[in-house]
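Trainee: I would like a close look at a single part of this model, with the cut-offs stated as they come up. Please begin with the overall make-up and then go to the detail.

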Amino acid sequence: MELCSLLLVVQLISSVHAELLTQQVVVISRHGSRTLLAKDHSTFEEGSDSQLTVRGMDQMFQAGEFVRKHYQKPGFLSDVYSPQDVYVRSSDYSRTLNSAFSFLLGLYPPRNQSLNVTYARQVFYAPYNIQQVPVHTVAAENDQVLRAWLACPELQKRLKHFYTSSEFEKKERESAELRKQLENSLGVKKIDLKDFYNVYDYIHLHQLYNHTYLNISAEQWEKVVYLADWVEYHKYSKGMIGDIGGGLLANEIAASFSDFVTKKTKTKLLYYSAHYPTMLSLFSSLGLNKAANSTLRGIPSYASLIFIELLHNTAADKYIVQFFFKNGLKEPLEKYSIPECKDACELNKFVKLVKSFQVRDVPSWCHACDNTQLSRCQVAQQQFDCPTVKTEEPRLSGTGGFFLGAFVTLLIVICVTALWNFYLRNRCLPGGTYWRPRKGLSDLENAPSPAKMSSDVVKADVETPKDTKADKAAKNLKPTKGKELTPGAASTSKTRPSSTVSVTQSMATSFSRQDGRRVPEIATENTFKMAPDRKFPEGDVRSILKEILTERLAEAKYDADQCRQLSKTISDTVKNRVKDLDIQRYKIICLVHIGQLGNQALRIGSRCLWDTNYDTFASFEFENGSLFATATVYGVYFE
């Protein structure tokens, strides 16, 4: 009994995991190993633009390979680059830009690419078979997404206060002996705790390349790492930097997830090439390093990766957000729970959380940082501080009010008279020039009999000042033996019927002959429907495609002649089944492709000019051991 219960629980767990489908992924990386870099402890300004080393290139290449293999298993990403699948952004620094290029080489490995231009008899090849992927960036001073701690006067004030706090002074006393030992080993006159990251970075780079001449023991190095982690964590902690460093990035991620759910974007992977402060700031904004023993309080290693996934729970029809972190290449990928959005963290809760941050966009960042010098902050300030002008209501004298009322009354009388003359009198009354009967009635209430109406109409034709060319030609015809021609009835079997909405023809042409007498024709009005009552049901159509392809091709073997005819038969069957759904005012287009399943690569694409609000499509792919098939049904709304 216990064994059966255990198996049941395992089956339930596996079914739950099987229902979580990856929809979109955000990957944030720290750059690879670089050359030496010195930073200012208050302004964060850097001495020079540090360069990515060959070791760093290899680290980022391996990181790209890891992401490719991780997301190729569920068939989420392809190793062939597609512009709609990936968006890449990097900070405007050499080490992060080159890290992005190396990462993309691992994500999209080189492949044979050629273009055969038949009319020019030339073949073009991609250089070194590289799949080139565009990398987007903005100037460092305007990059509040990945480098939000720069140009922030408020943060500088907080740091200045922190460096004089009792907590910091206590840590200075505790680390005095270690700093003295490092001064002797490195040959430095004085090492301040405020600048300790520069010391850590110098020793770390020498350790990476096995330079042992610094004579730093393992125990000393462990203390150096602890002290550097303590200083950097407090710089970018929630209490210090708040949402300044990670608020914009978190809101950009949430906006991308929301756009994907509402089908405003189809991007599967968003990749940001950034820095360790970017990661620490995001950890603090989401509260991931709130615990005192949290592993996310340390400085992330080179080529560290953050994964934020958007998953779809198909059983509950809910979207879930998950957070993962991989510290460098050697550490495993670990999952973390966002404290204020426990597992499973639904998308709406995640969006609500990040929208509650103090910093959500550039104007709120400018306000939080008290930055009025940045050009984009000045624009934002103008939008918030638009001057309000006090205006007094104009006063009108008694005489002015009288003439104004008389003028308005005159305008109303003119409008009513014009409406009566041009619409009601001419179009609605029986004596008008363009009298039209009510749709669906043989005559109007209290109207003359059909015979009298016919004679009145003929009389009106005779009395028309200007006859049409058709009437004049009919009058000039002589009656033939046994037949009598009347105006307006000549050659009725060979000529086009007169338009019932023409304003240049006589009233007689607006009637048809039935049983020797004239009766008014019934006109059909436009519906003016610009939107469907029921949108194209993608899910139902996709189910039809799956059912038909599976039924027809489950045991089929590829044969060129048979598959050619089979694709036509399946296309007709699908189209008829879709028409049975009774989707009003939609044009249905069905395409079916069947090919032999081998080691070849094939891409089937389409380009449509349509209204994205109502026009859409549904598709399904099928494979067996011998062939593959793709079926696509387009639904185009016909207004």
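How many helices and how many strands does the secondary structure of the protein chain come to? After that, please look closely at E309 in strand β6, and go on to the elements around it.

Mentor: The model is predicted, with local features needing pLDDT of at least 70 and side-chain atom pairs counting only at pLDDT 80 or more, while totals for chains, interfaces and linings use all residues. Residues are numbered from 1 along each chain as its sequence is written, and side-chain values use heavy atoms, leaving out hydrogens and water.

The protein chain has 18 helices and 14 strands (DSSP runs numbered from the N terminus, helices being H or I with at least four residues and strands E with at least two). Of its 639 residues, 38% are buried (under 20% relative accessible area; exposed is over 50%, partly exposed is in between, with a 1.4 Å probe and protein chains only). Among contacts with a separation of 6 or more, 71% are between residues 24 or more positions apart (contact means heavy atoms within 4.5 Å).

Now to E309, which sits in strand β6, residues 305-313. E309 is buried and has no salt bridge (a side-chain nitrogen of Lys or Arg within 4 Å of a carboxyl oxygen of Asp or Glu). The nearest side chain of opposite charge is that of K335, 7.9 Å away (Lys and Arg count as positive, Asp and Glu as negative; His and the chain ends are not counted). What the side chain of E309 does have is a polar contact of 2.6 Å with the side chain of Y71 (N or O atoms within 3.5 Å; within protein, one must be able to donate a hydrogen and the other to accept it, and residues adjacent in sequence count only if both atoms are side-chain atoms). Leaving aside residues up to four places away in sequence, E309 touches Q24, V25, H70, Y71, F257, I320, V321, Q322 and F324.

Y71 is one of the buried residues of helix α2, along with G56, Q59, M60, A63, G64, V67 and R68. These buried residues pack against β6, and also against β1 (20-30), α3 (94-107) and β5 (269-274). Helix α2 covers residues 54-72, and its end C-alpha atoms are 27 Å apart; this agrees with the 27 Å that its 19 residues should span at 1.5 Å a residue (the expected span is 1.5 Å times one less than the number of residues). R68 of α2 forms a salt bridge with E65, at 3.9 Å from N to O. The two are separated by about one helical turn because they are three residues apart in α2. R68 counts as buried at 14% relative accessibility, whereas E65 is partly exposed, with 24%.

I320, V321, Q322 and F324, among the contacts of E309, bring in strand β7 (residues 318-326), which runs antiparallel to β8 (residues 333-336) and is joined to it by four bridges (two strands pair if DSSP finds at least two bridges between them). Across this pair, F325 stands opposite E334. Six residues lie between the two strands of the hairpin, and G328 takes a positive phi near 75 degrees there.

Most residues other than glycine have a negative phi. F44, in the loop between β1 and α2, has a positive phi of about 70 degrees although it is not a glycine; F44 is buried, at 5% relative accessible area. K263 also lacks the excuse of being a glycine, with a positive phi of about 65 degrees. K263 lies in the loop between α9 (247-261) and β5 and is exposed, at 61%.

The loop that follows β1 also takes part in one of the 17 salt bridges in the structure. There E46 pairs with R147, with the closest N and O atoms 3.2 Å apart. R147 lies in the loop between β4 (122-125) and α4 (153-163), so the pair ties together parts that are 101 residues apart in sequence. R147 is buried, with a relative accessible area of 3%.
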